[in-house]
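This note is addressed to a colleague who meets the structure for the first time. Please read the numbered points with the model in view.

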Amino acid sequence: MTAGELVLPEARTRRRRATKAGKQLHAGPVTYVALVVFALVSLAPLVWTAIAASRTDRRLAQAPPPLWFGGNLFKNLQAAWDQAGLGTAMFNSLIVAGTITVSTVVFSTLAGFAFAKLRFRFSGLLLLLTIGTMMIPPQLAVVPLYLWMSDLGWSNQLQTVILPSLVTAFGTFFMRQYLVQALPTELIEAARVDGASSLRIVWHVVFPAARPAMAVLGLLTFVFAWNDFLWPIIALNQQNPTVQVALNALGTGYVPDQAVIMAGALLGTLPLLIAFLLFGKQIVGGIMQGAIKG
């Protein structure tokens with residue numbers, strides 16, 4: 001067998017592999033079944049919350065539990081809204097979660113850009129210290145943080161919840177890891193050669209390149225800030241609550257109404273579902289783009 005005869009099968013094999021690589025992969029029946037099962041398992045808690053919110057407390061106490069919706073949904077939603085004062089709580093949570101989300105995304109992007117592309121003294125040490133703060137349990141900071149806020153005279157005010165969360169170590173590390181791959185150093189150098197200032201580089205180069213990761217970080221931060229319970233329940237009271245603090249009032253009393261509690265939990269979850277429906281496409285696209293760049 002000659003050398004040409006040996007090379008020919010290898011070339012054919014490479015062409016076949018290239019052809020297969022260019023084709024779009026199609027999912028099989030097993031894949032669809034697995035995805036449907038995972039989707040049902042993921043949606044089960046939310047569906048059960050809606051079912052329980054549409055029933056009476058007496059029906060929820062019976063066995064077997066109800067597996068379909070009842071006729072008391074709007075009645076229970078109105079009761080939860082009135083008893084917990086969810087109108088004020090929703091407004092407060094939007095202010096707290098929105099402010100924390102915007103500030104975290106902006107400041108984390110700036111800090112991540114500095115750690116990823118700028119050279120300055122002790123950058124490695126500062127990055128290690130920033131990551132190291134993620135290892136400290138947040139419960140350890142509750143007492144000194146409360147004393148600090150009391151000294152400032154901010155007890156039971158929203159800025160008590162907002163100020164400690166304006167920037168996070170996770171957000172800084174997340175944006176740093178993304179910008180290392182997504183933002184070419186040559187692009188920054190070219191902007192500097194053209195005479196762009198640091199602020200203009202951040203606005204016209206860094207932010208557009210970091211937009212997918214900023215969308216992902218924004219959603220994660222908004223969900224965390226909206227669902228945060230430990231620090232708000234300590235720092236705020238029932239006269240100026242967030243959603244989670246207000247929902248805590250539904251569980252008090254001699255015999256808590258479980259259907260009303262479920263209705264309140266459903267109301268507290270709706271803004272998160274709306275946010276994901278509105279920005280889910282951009283967020284998933286940002287995750288996929290980050291995975292491809294990585």
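1. Thr 160 is buried in this predicted model. Its relative accessible area is 2%, which falls below the 20% under which a residue counts as buried. The residue belongs to helix H8, made of residues 158–162. Beyond the residues up to four places away in sequence, Thr 160 touches Met 149, Trp 154, Ser 155, Trp 231 and Ala 235.

2. The loop that lies between helix H7 (142–152) and H8 holds Asn 156. Most residues other than glycine have a negative phi. Asn 156, however, has a positive phi of about 60 degrees, although it is not a glycine. With a relative accessible area of 33%, Asn 156 is partly exposed.

3. A second case of positive phi is Phe 122, where the angle is near 60 degrees in a residue other than glycine. Phe 122 is placed in the loop between H5 and H6. This residue is exposed, at 60% relative accessible area; the cut-off for that class is over 50%.

4. Phe 122 also takes part in a nonpolar patch on the surface, together with Leu 118, Phe 120, Leu 125, Leu 126 and Leu 129. The accessible area of these residues together is about 570 Å². One of them, Leu 129, sits in helix H6, which covers residues 123–132. Leu 129 is exposed, with a relative accessible area of 52%.

5. As for the overall architecture, the protein has 14 helices and 0 strands. Read from the N terminus on, its elements run α-α-α-α-α-α-α-α-α-α-α-α-α-α. Of its 294 residues, 32% count as buried. The protein exposes about 18,700 Å², and carbon and sulfur atoms supply 68% of that area. Among contacts between residues at least 6 apart in sequence, 72% join residues at least 24 apart.

6. Helix H2 deserves a check of its length. The helix has 25 residues, 29–53, and at 1.5 Å a residue these should span 36 Å. The end C-alpha atoms are 35 Å apart, which agrees with that expectation. H2 nevertheless bends by about 45 degrees at Ala 44, and a proline, Pro 45, follows within four residues.

7. Which residues of H2 are buried? Among them are Thr 49, Ala 50, Ile 51, Ala 52 and Ala 53. Several of these reappear in the surroundings of Met 262: leaving aside neighbours within four places in sequence, Met 262 is in contact with Trp 48, Thr 49, Ala 52 and Ala 53.

8. Met 262 itself is found in helix H14, residues 258–293. The residue is partly exposed, with a relative accessible area of 25%. Met 262 and Leu 247 are 15 residues apart in sequence, and their C-alpha atoms are 9.7 Å apart in space.

9. How far apart are the end C-alpha atoms of helix H11? They are only 36 Å apart, although the helix has 30 residues, 198–227. A straight helix would reach 44 Å at 1.5 Å a residue, and H11 falls short of this. A kink of about 60 degrees lies at Arg 211 in H11, shortly before the proline Pro 212.

10. Helix H5 comprises residues 86–117 and includes Val 102. Val 102 is exposed, with a relative accessible area of 53%. Val 102 and Phe 222 are 120 residues apart in sequence, yet 9.0 Å apart in space from C-alpha to C-alpha.

11. The last residue to consider is Thr 172, which lies in helix H9, residues 169–182. Is Thr 172 buried or exposed? Its relative accessible area is 5%, so Thr 172 is buried. Apart from neighbours within four places in sequence, Thr 172 is in contact with Ser 108, Ala 111, Gly 112, Phe 115, Thr 130 and Val 167.

Key
Residues numbered from 1 in each chain as written. Predicted model: local features only at pLDDT ≥ 70, side-chain atom pairs only at ≥ 80, totals over all residues. Heavy atoms only, no water. Helix = DSSP H or I, 4+ residues; strand = E, 2+ residues; numbered from the N terminus. Buried < 20%, exposed > 50% of the residue type's maximum accessible area, 1.4 Å probe, protein only. Contact = heavy atoms within 4.5 Å. Expected span 1.5 Å × (residues − 1). Bend = angle between axes of the 7 residues up to and from the residue. Areas by Shrake-Rupley, 256 points an atom, 1.4 Å probe, with all protein chains shown as cover. Patch = residues over 30% accessible without salt bridge, like charges linked within 9 Å, V, L, I, M, F, W, Y side chains within 5 Å. Salt bridge = Lys/Arg side-chain N within 4 Å of Asp/Glu carboxyl O.
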